[in-house]
Amino acid sequence: MRFLSAADVRQAAPMAAAIDAVAQAFGMLSRGEADIPLRTAIATPIYQATTFFMPGRLGGETPALGLKTVSVFPQNIYRAEPTIYALVTLFDPTSGRPLAVLDGTYLTALRTGAASGVATRLLARADARVLVVFGAGAQALPQIQAVLVARPTINNLWIVNRTRDRAALLAAQVRSEGFRGDIRIATDPTVPLAEADVVCTATSSPTPLFAAELVRPGTHINAIGAYRPDMAEIPPALVAQSRVFVDQRHAAWAEAGDLIQARAAGLIDEQHIAGELGELVNGAVPGRATNDEITLFKSVGNAAQDLAVAALVLQRATEAGLGAEVTL
(Lines give C-alpha, C1' and ligand atoms only; values in the text may rest on other atoms or scores of the structure.)
Protein backbone atom coordinates (compact mmCIF):
# COMPACT_ATOMS: atom_id res chain seq x y z
CA MET A 1 0.00 0.00 0.00
CA ARG A 2 1.05 3.58 -0.61
CA PHE A 3 0.70 6.04 2.27
CA LEU A 4 0.27 9.66 1.21
CA SER A 5 0.53 12.68 3.50
CA ALA A 6 -1.27 16.00 3.19
CA ALA A 7 1.86 17.41 1.54
CA ASP A 8 1.82 14.57 -0.98
CA VAL A 9 -1.85 15.22 -1.75
CA ARG A 10 -1.20 18.94 -2.17
CA GLN A 11 1.72 18.32 -4.54
CA ALA A 12 -0.08 15.70 -6.62
CA ALA A 13 -3.39 17.49 -7.17
CA PRO A 14 -3.51 21.23 -7.93
CA MET A 15 -6.96 22.82 -7.72
CA ALA A 16 -7.55 22.96 -11.49
CA ALA A 17 -6.99 19.20 -11.80
CA ALA A 18 -9.19 18.53 -8.77
CA ILE A 19 -12.03 20.57 -10.31
CA ASP A 20 -11.88 18.50 -13.50
CA ALA A 21 -11.83 15.23 -11.51
CA VAL A 22 -14.79 16.26 -9.37
CA ALA A 23 -16.77 17.38 -12.41
CA GLN A 24 -16.21 13.96 -13.97
CA ALA A 25 -17.28 12.24 -10.74
CA PHE A 26 -20.51 14.21 -10.45
CA GLY A 27 -21.26 13.41 -14.07
CA MET A 28 -20.85 9.70 -13.33
CA LEU A 29 -23.01 10.01 -10.21
CA SER A 30 -25.91 11.51 -12.14
CA ARG A 31 -25.55 8.98 -14.98
CA GLY A 32 -25.86 6.10 -12.52
CA GLU A 33 -22.22 5.06 -12.98
CA ALA A 34 -21.46 5.35 -9.26
CA ASP A 35 -22.70 3.62 -6.13
CA ILE A 36 -22.69 6.18 -3.30
CA PRO A 37 -24.91 5.25 -0.32
CA LEU A 38 -25.88 7.80 2.31
CA ARG A 39 -23.03 8.27 4.74
CA THR A 40 -23.24 6.86 8.26
CA ALA A 41 -22.95 9.48 11.01
CA ILE A 42 -21.80 8.66 14.54
CA ALA A 43 -22.35 11.46 17.03
CA THR A 44 -20.18 12.24 20.06
CA PRO A 45 -22.54 14.59 21.92
CA ILE A 46 -20.16 15.44 24.76
CA TYR A 47 -17.91 17.18 22.21
CA GLN A 48 -20.73 18.29 19.86
CA ALA A 49 -18.92 16.20 17.27
CA THR A 50 -19.79 13.87 14.43
CA THR A 51 -17.78 11.20 12.61
CA PHE A 52 -18.89 10.21 9.11
CA PHE A 53 -18.18 6.95 7.28
CA MET A 54 -18.51 7.44 3.53
CA PRO A 55 -18.08 4.40 1.26
CA GLY A 56 -18.43 4.47 -2.49
CA ARG A 57 -17.60 3.11 -5.90
CA LEU A 58 -17.04 4.93 -9.18
CA GLY A 59 -17.47 3.13 -12.49
CA GLY A 60 -16.97 4.40 -16.00
CA GLU A 61 -13.54 4.85 -17.55
CA THR A 62 -11.85 5.75 -14.25
CA PRO A 63 -13.17 3.23 -11.67
CA ALA A 64 -12.43 3.66 -7.98
CA LEU A 65 -13.44 1.92 -4.77
CA GLY A 66 -12.91 3.27 -1.29
CA LEU A 67 -13.97 4.69 2.04
CA LYS A 68 -13.50 8.07 3.66
CA THR A 69 -13.72 8.49 7.42
CA VAL A 70 -14.01 12.09 8.55
CA SER A 71 -14.44 13.47 12.06
CA VAL A 72 -15.74 16.98 12.71
CA PHE A 73 -14.92 18.17 16.24
CA PRO A 74 -15.77 21.90 16.44
CA GLN A 75 -14.30 22.26 19.93
CA ASN A 76 -10.84 21.39 18.60
CA ILE A 77 -10.43 25.05 17.77
CA TYR A 78 -10.00 25.71 21.50
CA ARG A 79 -7.13 23.19 21.57
CA ALA A 80 -5.39 24.70 18.55
CA GLU A 81 -6.20 21.57 16.55
CA PRO A 82 -7.94 21.20 13.19
CA THR A 83 -11.68 20.76 13.54
CA ILE A 84 -11.62 18.13 10.78
CA TYR A 85 -9.51 14.95 10.65
CA ALA A 86 -9.96 12.45 7.86
CA LEU A 87 -8.49 9.40 6.12
CA VAL A 88 -9.27 7.97 2.70
CA THR A 89 -8.62 4.31 1.91
CA LEU A 90 -8.57 3.14 -1.71
CA PHE A 91 -8.99 -0.45 -2.93
CA ASP A 92 -8.39 -2.03 -6.32
CA PRO A 93 -11.89 -1.98 -7.94
CA THR A 94 -11.12 -5.20 -9.84
CA SER A 95 -9.88 -7.29 -6.90
CA GLY A 96 -10.55 -5.46 -3.63
CA ARG A 97 -6.83 -5.32 -2.83
CA PRO A 98 -5.91 -2.38 -0.56
CA LEU A 99 -4.05 0.22 -2.62
CA ALA A 100 -3.50 3.33 -0.54
CA VAL A 101 -4.22 5.35 2.56
CA LEU A 102 -4.34 9.11 2.07
CA ASP A 103 -4.51 11.97 4.52
CA GLY A 104 -8.10 13.08 4.08
CA THR A 105 -8.04 16.33 6.03
CA TYR A 106 -6.56 18.44 3.26
CA LEU A 107 -8.21 16.23 0.62
CA THR A 108 -11.63 17.03 2.15
CA ALA A 109 -11.02 20.77 1.86
CA LEU A 110 -9.61 20.32 -1.66
CA ARG A 111 -12.54 18.30 -2.98
CA THR A 112 -15.08 20.59 -1.30
CA GLY A 113 -13.45 23.58 -2.94
CA ALA A 114 -13.35 21.73 -6.24
CA ALA A 115 -17.11 21.12 -6.12
CA SER A 116 -17.68 24.84 -5.64
CA GLY A 117 -15.30 25.41 -8.54
CA VAL A 118 -17.42 23.19 -10.78
CA ALA A 119 -20.61 24.96 -9.69
CA THR A 120 -19.05 28.41 -10.17
CA ARG A 121 -17.80 27.45 -13.62
CA LEU A 122 -21.30 26.34 -14.65
CA LEU A 123 -23.52 28.86 -12.82
CA ALA A 124 -21.74 32.13 -12.03
CA ARG A 125 -21.99 35.05 -14.44
CA ALA A 126 -19.09 35.14 -16.89
CA ASP A 127 -18.22 38.70 -15.85
CA ALA A 128 -17.99 37.99 -12.10
CA ARG A 129 -15.58 40.37 -10.37
CA VAL A 130 -16.30 40.27 -6.62
CA LEU A 131 -16.06 37.19 -4.37
CA VAL A 132 -17.38 37.20 -0.80
CA VAL A 133 -16.35 34.38 1.54
CA PHE A 134 -18.04 33.79 4.89
CA GLY A 135 -15.73 32.06 7.36
CA ALA A 136 -11.96 31.91 7.69
CA GLY A 137 -11.43 28.29 8.72
CA ALA A 138 -9.84 25.36 6.93
CA GLN A 139 -12.46 25.29 4.18
CA ALA A 140 -12.17 28.96 3.25
CA LEU A 141 -8.87 29.00 1.34
CA PRO A 142 -9.78 26.11 -1.03
CA GLN A 143 -13.11 27.84 -1.72
CA ILE A 144 -11.24 30.96 -2.77
CA GLN A 145 -8.71 28.99 -4.82
CA ALA A 146 -11.48 27.14 -6.67
CA VAL A 147 -13.50 30.24 -7.51
CA LEU A 148 -10.36 32.00 -8.77
CA VAL A 149 -9.67 29.05 -11.07
CA ALA A 150 -13.27 28.97 -12.31
CA ARG A 151 -13.57 32.75 -12.67
CA PRO A 152 -10.15 34.35 -13.18
CA THR A 153 -12.03 37.62 -13.74
CA ILE A 154 -12.38 37.93 -9.93
CA ASN A 155 -10.31 40.92 -8.77
CA ASN A 156 -11.97 41.80 -5.44
CA LEU A 157 -12.27 39.58 -2.37
CA TRP A 158 -14.28 40.22 0.78
CA ILE A 159 -13.70 38.01 3.84
CA VAL A 160 -16.57 38.14 6.34
CA ASN A 161 -15.69 36.63 9.70
CA ARG A 162 -16.50 37.17 13.37
CA THR A 163 -12.84 37.70 14.29
CA ARG A 164 -10.52 39.90 12.26
CA ASP A 165 -7.35 38.03 13.26
CA ARG A 166 -8.35 34.81 11.49
CA ALA A 167 -9.62 36.78 8.51
CA ALA A 168 -6.30 38.63 8.29
CA LEU A 169 -4.43 35.32 8.35
CA LEU A 170 -6.59 34.03 5.48
CA ALA A 171 -5.99 37.25 3.54
CA ALA A 172 -2.23 36.77 3.96
CA GLN A 173 -2.49 33.20 2.66
CA VAL A 174 -4.39 34.38 -0.42
CA ARG A 175 -1.79 37.07 -1.03
CA SER A 176 1.04 34.53 -0.68
CA GLU A 177 -0.49 32.49 -3.48
CA GLY A 178 -0.25 35.37 -5.90
CA PHE A 179 -3.65 37.10 -5.77
CA ARG A 180 -3.11 40.75 -6.71
CA GLY A 181 -6.66 42.03 -6.40
CA ASP A 182 -8.20 44.00 -3.56
CA ILE A 183 -8.83 42.10 -0.29
CA ARG A 184 -11.10 43.58 2.37
CA ILE A 185 -12.28 42.24 5.74
CA ALA A 186 -15.68 42.78 7.32
CA THR A 187 -17.65 41.54 10.31
CA ASP A 188 -20.97 42.76 8.88
CA PRO A 189 -22.22 41.32 5.56
CA THR A 190 -24.20 44.32 4.30
CA VAL A 191 -21.57 46.10 2.20
CA PRO A 192 -19.87 42.92 0.89
CA LEU A 193 -23.16 41.42 -0.29
CA ALA A 194 -24.11 44.67 -2.01
CA GLU A 195 -21.07 44.13 -4.27
CA ALA A 196 -20.94 40.33 -4.50
CA ASP A 197 -21.02 38.36 -7.74
CA VAL A 198 -20.04 35.05 -6.10
CA VAL A 199 -20.58 34.10 -2.46
CA CYS A 200 -19.10 31.11 -0.62
CA THR A 201 -20.35 30.20 2.85
CA ALA A 202 -17.97 27.96 4.76
CA THR A 203 -19.03 28.10 8.41
CA SER A 204 -20.57 25.85 11.05
CA SER A 205 -23.33 28.34 11.81
CA PRO A 206 -26.65 26.88 13.07
CA THR A 207 -28.54 29.94 11.83
CA PRO A 208 -28.51 31.94 8.56
CA LEU A 209 -25.55 34.25 8.10
CA PHE A 210 -27.42 37.15 6.49
CA ALA A 211 -30.86 38.38 5.45
CA ALA A 212 -32.22 37.32 2.06
CA GLU A 213 -32.79 40.89 0.91
CA LEU A 214 -29.06 41.68 1.15
CA VAL A 215 -28.22 39.40 -1.80
CA ARG A 216 -28.35 41.24 -5.08
CA PRO A 217 -29.77 39.84 -8.35
CA GLY A 218 -27.33 37.79 -10.41
CA THR A 219 -25.35 36.44 -7.47
CA HIS A 220 -24.13 32.85 -7.42
CA ILE A 221 -23.81 31.18 -4.00
CA ASN A 222 -21.84 28.09 -2.97
CA ALA A 223 -23.18 26.95 0.41
CA ILE A 224 -20.92 24.24 1.81
CA GLY A 225 -20.82 24.67 5.58
CA ALA A 226 -24.14 23.25 6.86
CA TYR A 227 -24.07 19.45 6.80
CA ARG A 228 -26.82 18.56 9.31
CA PRO A 229 -30.59 19.23 9.37
CA ASP A 230 -30.15 21.52 12.39
CA MET A 231 -27.64 23.77 10.60
CA ALA A 232 -28.33 26.47 8.00
CA GLU A 233 -26.17 29.22 6.49
CA ILE A 234 -28.72 30.43 3.92
CA PRO A 235 -32.06 32.02 4.94
CA PRO A 236 -35.17 30.05 3.86
CA ALA A 237 -36.51 33.03 1.90
CA LEU A 238 -33.34 33.17 -0.20
CA VAL A 239 -33.49 29.42 -0.85
CA ALA A 240 -37.02 29.98 -2.16
CA GLN A 241 -35.88 32.82 -4.44
CA SER A 242 -32.92 30.93 -5.91
CA ARG A 243 -32.41 28.42 -8.68
CA VAL A 244 -31.08 25.56 -6.53
CA PHE A 245 -28.65 22.79 -7.45
CA VAL A 246 -27.33 20.06 -5.13
CA ASP A 247 -24.60 17.44 -5.16
CA GLN A 248 -27.11 14.58 -4.77
CA ARG A 249 -30.85 14.90 -4.23
CA HIS A 250 -31.46 12.20 -1.62
CA ALA A 251 -28.40 13.24 0.39
CA ALA A 252 -29.44 16.90 0.29
CA TRP A 253 -32.96 16.18 1.56
CA ALA A 254 -31.56 13.97 4.31
CA GLU A 255 -28.84 16.35 5.53
CA ALA A 256 -29.00 19.91 4.14
CA GLY A 257 -30.55 22.07 6.84
CA ASP A 258 -30.74 25.03 4.46
CA LEU A 259 -33.20 23.09 2.28
CA ILE A 260 -34.92 21.10 5.02
CA GLN A 261 -35.76 24.23 7.01
CA ALA A 262 -37.07 26.06 3.93
CA ARG A 263 -39.30 23.08 3.16
CA ALA A 264 -40.51 22.92 6.77
CA ALA A 265 -41.47 26.60 6.52
CA GLY A 266 -43.61 25.79 3.48
CA LEU A 267 -41.48 27.92 1.15
CA ILE A 268 -40.26 25.11 -1.14
CA ASP A 269 -40.98 21.50 -1.97
CA GLU A 270 -38.74 18.82 -3.42
CA GLN A 271 -39.48 20.02 -6.96
CA HIS A 272 -37.70 23.28 -6.16
CA ILE A 273 -34.32 21.67 -6.80
CA ALA A 274 -33.46 22.47 -10.42
CA GLY A 275 -30.95 19.65 -10.71
CA GLU A 276 -27.89 17.86 -9.45
CA LEU A 277 -24.46 19.25 -10.21
CA GLY A 278 -23.77 16.14 -12.29
CA GLU A 279 -26.84 16.84 -14.42
CA LEU A 280 -25.41 20.27 -15.13
CA VAL A 281 -22.05 18.72 -16.04
CA ASN A 282 -23.80 16.28 -18.38
CA GLY A 283 -25.94 18.99 -19.99
CA ALA A 284 -29.12 17.23 -18.85
CA VAL A 285 -30.55 20.34 -17.14
CA PRO A 286 -30.08 24.06 -17.93
CA GLY A 287 -28.07 26.27 -15.61
CA ARG A 288 -28.38 30.02 -15.18
CA ALA A 289 -31.29 31.36 -17.22
CA THR A 290 -30.72 35.13 -16.88
CA ASN A 291 -28.08 37.53 -15.60
CA ASP A 292 -30.44 38.58 -12.80
CA GLU A 293 -31.14 35.08 -11.52
CA ILE A 294 -29.75 34.06 -8.13
CA THR A 295 -28.22 30.58 -8.30
CA LEU A 296 -27.43 28.42 -5.28
CA PHE A 297 -25.28 25.31 -5.09
CA LYS A 298 -25.96 23.48 -1.83
CA SER A 299 -23.43 20.80 -0.98
CA VAL A 300 -23.32 18.39 1.94
CA GLY A 301 -20.34 16.49 0.55
CA ASN A 302 -20.31 13.25 -1.37
CA ALA A 303 -17.94 10.28 -1.43
CA ALA A 304 -17.81 10.53 -5.23
CA GLN A 305 -15.73 13.69 -4.79
CA ASP A 306 -13.34 11.99 -2.39
CA LEU A 307 -12.87 8.93 -4.59
CA ALA A 308 -12.26 10.97 -7.73
CA VAL A 309 -9.66 13.22 -6.14
CA ALA A 310 -8.03 10.36 -4.21
CA ALA A 311 -7.71 8.28 -7.38
CA LEU A 312 -6.19 11.25 -9.18
CA VAL A 313 -3.74 11.80 -6.32
CA LEU A 314 -2.73 8.13 -6.22
CA GLN A 315 -2.08 8.02 -9.95
CA ARG A 316 0.04 11.17 -9.95
CA ALA A 317 1.81 10.30 -6.70
CA THR A 318 2.76 6.86 -8.03
CA GLU A 319 4.14 8.41 -11.21
CA ALA A 320 6.14 10.96 -9.19
CA GLY A 321 7.28 8.53 -6.50
CA LEU A 322 5.53 10.42 -3.70
CA GLY A 323 4.62 8.86 -0.37
CA ALA A 324 5.79 5.66 1.27
CA GLU A 325 5.07 2.08 0.23
CA VAL A 326 4.25 -0.34 3.03
CA THR A 327 3.67 -4.09 2.84
CA LEU A 328 0.90 -5.29 5.16
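In this predicted model, helix H11 gives the largest share of the lining of the second largest pocket, 6 residues. That pocket has a volume of about 350 Å³. Its lining consists of 18 residues, and those nearest the pocket centre are Thr 62, Pro 63, Ala 64, Ala 311 and Leu 312. Besides H11, helix H2 (15-30), strand E5 (64-72) and strand E6 (84-91) each supply at least two lining residues. Sorted by class, the lining has 15 nonpolar and 3 polar residues, with no charged residues.

H11 also packs against another helix. Helix H3 (residues 104-123) and H11 (residues 303-320) have axes 9 Å apart and pack at an angle of about 110°. Angles of 65 to 115 degrees count as roughly perpendicular, and H3 is therefore roughly perpendicular to H11. On the H3 side, Leu 107, Thr 108, Leu 110, Arg 111, Thr 112 and Ala 115 take part in the contact, and they meet Gln 305, Asp 306, Val 309 and Ala 310 in H11. By class, this contact has 5 nonpolar, 3 polar and 2 charged residues.

Two of the strands that contribute to the pocket lining, E5 and E6, are also paired with each other. They run antiparallel and are joined by 8 bridges. Within this pairing, Ser 71 has Tyr 85 in E6 as its bridge partner. E6 pairs with strand E7 (residues 98-103) as well, again in the antiparallel sense, over 5 bridges. Here Val 88 is bridged to Leu 102 in E7. E6 and E7 form a hairpin, with 6 residues between the two strands. In the turn of this hairpin, Gly 96 has a positive phi of about 85°.

A further part of the structure is an open sheet of 8 strands. The pairing is parallel, and the strand order is E10-E9-E8-E11-E12-E15-E13-E14. Strand E10 (182-186) and strand E14 (273-276) stand at the edges; each has a single partner strand, so one side of each is left without a neighbour in the sheet. On average, and with direction ignored, neighbouring strands of this sheet are turned by 20° against each other.

One pairing in this sheet can be followed down to the residues. Strand E12 (residues 220-223) and strand E15 (residues 295-298) pair in the parallel sense over 4 bridges. Ile 221 has Leu 296 in E15 as its bridge partner. Towards the E10 edge, helix H5 (residues 164-176) lies across strand E9 (156-160) and E10. H5 runs at about 165° to E10.

The remaining feature is an enclosed space. The model has 1 cavity of 30 Å³ or more, and about 90 Å³ of space lies in the largest cavity. Strand E4 (49-58) and helix H8 (249-255) each supply at least two residues of its lining. The lining includes Ile 36, Pro 37, Leu 38 and Arg 39, together with Met 54 and Pro 55. Further along the chain, Gln 248, Ala 251 and Glu 255 also line the cavity, as do Gly 301, Asn 302 and Ala 303. By class, this lining has 7 nonpolar, 3 polar and 2 charged residues. Charged residues thus appear in the lining of the largest cavity, whereas the lining of the second largest pocket has none.

How values were computed: Residues numbered from 1 in each chain as written. Predicted model: local features only at pLDDT ≥ 70, side-chain atom pairs only at ≥ 80, totals over all residues. Heavy atoms only, no water. Axes fitted to C-alpha atoms, helices over the stretch in contact; angles between N-to-C directions. Parallel < 35°, antiparallel > 145°, perpendicular 65-115°, else oblique. Contact = heavy atoms within 4.5 Å. Nonpolar A, V, L, I, M, F, W, Y, C, P; charged D, E, K, R; others polar. 1 Å grid on protein atoms, 1.4 Å probe; cavity = no way out; pocket = protein on both sides within 12 Å on 5 of 7 lines; lining within 4 Å. Points joined across faces, edges and corners; volume = space filled by probe spheres on them. Pairing = 2+ DSSP bridges.
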